[in-house]
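Visitor: I am new to structures like this one. Could you show it to me and explain the terms as we go?

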Amino acid sequence: MNLFALFISAMLINNIVLTKFLGMCPFMGVTTKLDSAIGMGAAVIFVIFGASVLSWMLYYWVLVPLNLEYMELITFILLIAAFVQFVELFLKKNSPVLYKQLGIYLPLITTNCTVLYVAQQNITEGYTLVQTMVNSVATPAGFMLMLVIFATIRERLQGNNIPKPFKGNPIAFVVAGIMAIAFSALAGLV
Amino acid sequence: MDKNSSTYKTILLAAVCAIAGTCLAAANAVTKPVIDENAIASVKVTLEQFFPGAEFSDVTSKYVTKDYPLVDAAYEAKDKGYIFTCHNTGYSSSGFKFIIAFSNDGSIVGYQGLEQNETSGKGSLAFEQAYIDEVTALTSSDTLPLISGATITTTAVGTAASQAEAIFNKIEGISADASSTAASTATASASASTTTTSGATASSSTTSGASNKSSSSTTTSDTLGTGDYASANASCTASSDGVYACKATGFSGASVTATITVKDNAIVSIADLTGQDKGDGVGDAWYSDASAFNGATLDSSIDALSGATYTSKAVKGMAAAALKAAAGK
Amino acid sequence: MSENNVKKQSFFSKMISENPVFGLYLGICSTLAISTSLNNALGMGVGVIVVLVLSNVVISMIAKITPDDIHIPVYIVVIATLVTILEMFMHAYTPDLYTALGAFLSLIVVNCIILGRAEAFACDHNVKESALDGLQMGLAYTCSLLCMALIRQILGTGVLSLSNPFTSAVIFSVRILPEAYAIPFMTQQTGSFFTFACLAAAVAVYKEGIANKSSKKEAK
């Protein structure tokens with residue numbers, strides 16, 4: 001499959017937040033400020049890329065030859081948890097500044113649906129290693145794009161006169177719905 | 001044991017993983033047969049239409065590679081034929097799915113639309129009885145015809161069908177080698193000649209005379225001069241006096257090359273015989289030993305090797321071409 | 001809400017105000033994605049109940065012998081095993097439901113509700129209490145899914161239908177809205193977000209109402 005088309009469709013057209021509904025927890029929690037949104041987005045891109053490539057290798061080089069495909073879920077989730085731990089320790093030791101900026105989000109990312117979903121999607125779609133890498137960068141890039149857009153909108157929303165029941169999270173979902181309509185226009189792009 | 005010691009932790013983790021693994025293996029053993037059965041059951045009714053009473057198995061993972069993106073699934077009807085489900089997008093953006101069945105003799109025995117949303121009266125004609133009758137009269141080497149007024153849809157059907165045909169021909173190419181040598185004594189037997197003709201995708205021998213057809217399907221009665229090797233597309237260029245660099249097309253389009261030395265209208269030896277499919281097991285017997293050709297003339301007949309009909313044809317084609325080139329000088 | 005308010009609420013009232021989905025915003029991803037039809041919602045809900053109850057039971061049994069720093073991986077392995085087994089059985093015996101739920105069946109593993117309850121409740125309580133808690137949370141989750149599914153299916157397709165997941169036989173199919181009045185986008189992403197927003201707002205109003213009522217009572 002054309003790599004560019006894959007990139008665009010993973011990032012914009014089949015955007016993981018607006019079309020697949022994944023990554024909603026950080027979406028609601030982290031988008032109140034633009035800075036935290038950017039930080040979280042960067043951390044997610046790095047974690048998903050690393051974890052997905054590693055899990056692709058684990059699946060095709062270990063599980064398939066041993067006929068243990070049904071162990072996929074367990075091994076993937078453990079790999080992701082281990083990878084995140086490792087990244088956290090590495091950052092703590094080698095780059096305290098970066099750790100301070102990103103470190104708080106890393107434990108959250110372990111149970112983030114996005115990571116497990118992308119790792120599994122690479123397998124179910126039968127991507128090659130290169131396609132996996134493209135998908136694993138494009139999907140979290142789309143996630144980060146959504147986080148940033150959403151954070152800017154929400155910052156503006158805070159000054160507005162919103163009906164009491166909708167204040168806080170409900171209005172955020174309404175905004176997400178409108179964004180979904182806007183992005184569905186990209187469907188015919190590739 | 002102290003709860004916080006590393007040994008305890010490792011043992012606990014290992015124990016948990018081991019128990020988890022065993023439970024999973026048990027669940028897998030219970031559910032996998034049911035899942036496999038379901039995979040066939042859902043299409044079994046449709047499959048039964050083409051080969052009633054046959055034994056079906058899902059061979060998708062075996063034959064449908066990423067080179068054939070339009071083919072969704074492949075099923076084998078044991079000893080009878082193969083069925084493929086394909087999809088493509090015609091005029092309507094929602095696309096269509098159809099099923100196409102080939103019997104082992106190469107003819108298309110079934111074609112049916114499974115899901116389609118084409119314009120009624122135009123694209124939908126590609127799934128109606130008239131077109132179905134047209135398609136089921138064809139063989140696996142033919143391209144599907146177009147319907148005027150429904151060209152987009154029928155072209156799309158044809159493209160998907162040609163991928164199914166390619167897979168089928170590849171499968172039959174493998175089994176054709178085995179069955180043609182087994183039927184070598186039954187020269188005039190209809191099943192033998194039809195199996196080889198269905199397996200030879202680019203073979204033009206369907207139009208050549210009956211005697212040539214049956215002689216090329218047997219292994220002993222043709223000579224290098226009279227045998228029909230047109231399908232192997234052999235050609236030789238003289239590189240020095242009596243030495244020819246030859247190439248031909250062997251199994252599944254693999255290119256076969258050799259250096260053939262000819263003296264006094266007889267082959268001295270075939271050297272450097274190799275092919276693109278070397279190592280696949282197909283023509284390897286030839287690649288390792290082509291001494292059967294030493295001393296061959298245009299009147300010699302060389303046995304094809306069992307399991308390597310195409311490669312044998314390619315080598316014989318090159319030998320014949322080299323000898324003819326030498327005689328022509 | 002003060003401690004007294006929380007204790008005085010009835011079971012149903014609690015299910016609304018402490019609802020894991022609309023009250024605490026846990027397990028949102030699957031709620032948004034799966035609530036397109038009654039079938040899917042029920043299927044997913046039952047799946048989550050099974051996993052939640054079993055995982056709570058197992059974790060309450062091993063909590064005492066698990067040291068603190070490896071408890072997360074251990075819990076994750078337990079939950080992942082349960083989910084994989086559920087997946088396998090669903091694939092074998094309810095294939096339509098399995099295809100409809102798709103990737104979200106595997107994503108039950110990272111459903112915040114399950115790991116959240118395991119950490120917050122199951123590791124400190126005994127087997128019976130943990131099982132009951134799992135059942136309560138699972139039911140609350142299923143009810144939220146059902147609410148969303150009812151709204152989305154009725155407004156989106158006009159038809160309310162249910163079919164047996166094991167045999168794909170239709171149990172009932174009732175047309176409530178004429179086809180011309182159905183709103184297709186309700187079954188798509190946008191409808192999902194809007195329905196969720198409205199339901200979340202409704203729960204917020206309810207919670208507000210409870211807080212006001214009890215503060216009025218206390219003021220008296």
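Visitor: What is the mean pLDDT of chain A, and what makes that a statement about confidence?

Guide: The mean is 85, with 96% of the residues of chain A at 70 or more. It speaks of confidence because pLDDT is the predictor's confidence in each residue, from 0 to 100. This is a predicted model, where local features need pLDDT of at least 70, side-chain atom pairs count only at pLDDT 80 or more, and totals for chains, interfaces and linings use all residues. Residues are numbered from 1 along each chain as its sequence is written, while chains are lettered from A and ligands numbered from 1 in the order in which they are written.

Visitor: Where in chain A is confidence lowest, and where highest?

Guide: Helix 6 (residues 106–110) of chain A is lowest with a mean of 72, and helix 8 (residues 129–157) of chain A is highest with 91.

Visitor: How do you know how many helices chain A has?

Guide: Helices (H or I, at least four residues) and strands (E, at least two) are DSSP runs, numbered from the N terminus. Chain A has nine such helices and zero strands.

Visitor: Why are 29 residues of chain A said to be in contact with chain C?

Guide: Two residues are in contact if their C-beta atoms, placed from the backbone, lie within 7 Å. By that rule, 29 residues of chain A meet 32 residues of chain C. Helix 9 of chain A gives the most to this side, eight residues.
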